[in-house]
Amino acid sequence: MKNNPIVSVIVPVYNVETYIEECLDSIVKQNYPHLEIIVVDDGSTDDSNQLVKNYLEDERILFIEQENKGLSGARNSGLKKATGKYILFVDSDDYIGLTMLENLVSLMEESQADLVRFNGAAFVDGMEKTADQDYYDFSHRLQEKKIYQEDSFRANSRTFVSPVYLYLMKRSILTEHDLWFREDIIHEDELFTPQVFLSIQSMVYVNAFYYYRRYRENSIMTIQSPAQQLRSFTSYLKIFKELELLYQSDTYNKEQKKLIKRQMLSIYNGLKENQSEAVSKNNEMTQIKTITLKDKSYLMLQKLRNRV
């Protein structure tokens with residue numbers, strides 16, 4: 001197995017009967033066969049569970065059924081069972097290119113990097129809107145197949161996007177640093193991905209569109225009810241506080257702290273711009289001391305530039 005490292009593909013499933021077959025087909029039909037495919041049904045109430053069972057003749061699939069714990073809980077359940085050298089997360093309403101893992105594993109083995117970044121292609125399903133393709137394309141800032149080491153912190157700070165499915169990473173990075181998804185929040189990637197970036201020693205980038213990200217109605221990202229807005233605000237505030245603790249720690253160097261601060265500013269800006277009635281009475285924002293007047297001026301300048 002030395003020359004054919006196993007990739008653990010973790011797929012959390014919750015009420016995606018319309019999409020799960022397309023997702024699993026894109027994984028089981030990979031031209032890189034050395035996979036363990038860990039599918040975690042997180043208490044689905046539709047036919048997702050039964051549709052997954054149709055794939056269990058493939059001996060590479062491990063199927064976990066559990067009561068609903070949310071996306072973080074499902075991913076953590078998958079991580080606990082993973083044994084592969086590399087970890088890939090795939091959301092169950094998305095899919096991946098069929099040559100993805102063969103190409104990425106080859107690059108990882110050649111470079112011996114801790115993590116590889118790649119592009120994603122976003123598309124909209126059943127909604128009257130278009131997807132921002134630039135958000136998932138890093139070719140304007142990252143150099144293809146360059147092995148980033150000390151400069152990885154600066155590179156990731158300048159090109160930060162949180163979705164964990166845009167990275168293939170060594171499982172040892174997660175185990176050695178005891179990295180898990182926080183289970184009492186949504187938007188969990190906004191915390192998990194910076195923690196991963198702070199833990200790696202090297203990374204490499206490939207300018208290829210391997211991940212296909214679906215935007216759809218009634219997902220966590222599109223529901224905007226007052227209750228969901230409050231949950232979102234509360235989650236982001238918890239994430240900010242976790243990042244604040246990292247920033248105040250003596251563990252990290254100057255470049256690492258720049259990465260942390262960049263994410264803190266992004267989340268702080270989002271919290272300030274959330275004007276919903278559900279969160280308007282929250283006074284915890286006034287207690288934040290790590291965002292300086294200089295930081296606030298920077299955010300205001302960025303806002304003005306975006307309007308031009």
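Here is a short, friendly note on the aromatic rings in this structure.

1. This is a predicted model, in which local features need pLDDT of at least 70, side-chain atom pairs count only at pLDDT 80 or more, and totals for chains, interfaces and linings use all residues. Residues are numbered from 1 along each chain as its sequence is written, and side-chain values use heavy atoms, leaving out hydrogens and water.

2. Rings of Phe, Tyr and Trp (its six-membered ring) pair if their centres lie within 6.5 Å; planes under 30 degrees apart are stacked, over 60 edge-to-face, and the rest tilted. The count here is eleven aromatic pairs. One of them joins phenylalanine 160 and phenylalanine 197 edge-to-face, with 5.9 Å between centres and 90 degrees between planes. Phenylalanine 160 lies in the loop between helix H5 (152-158) and strand S8 (167-170) and phenylalanine 197 in helix H7 (residues 189-199), so this pair ties together parts 37 residues apart in sequence. Helices (H or I, at least four residues) and strands (E, at least two) are DSSP runs, numbered from the N terminus.

3. Are these two rings buried or exposed? Phenylalanine 160 is buried at 8% relative accessibility, and phenylalanine 197 is buried at 0%. (Buried means under 20% relative accessible area, exposed over 50%, partly exposed in between, with a 1.4 Å probe and protein chains only.)

4. Now look at phenylalanine 181 and phenylalanine 192, a stacked pair at 3.8 Å centre to centre and 15 degrees between the planes. Both residues are buried, and ring pairs link them with Phe89 into a cluster.
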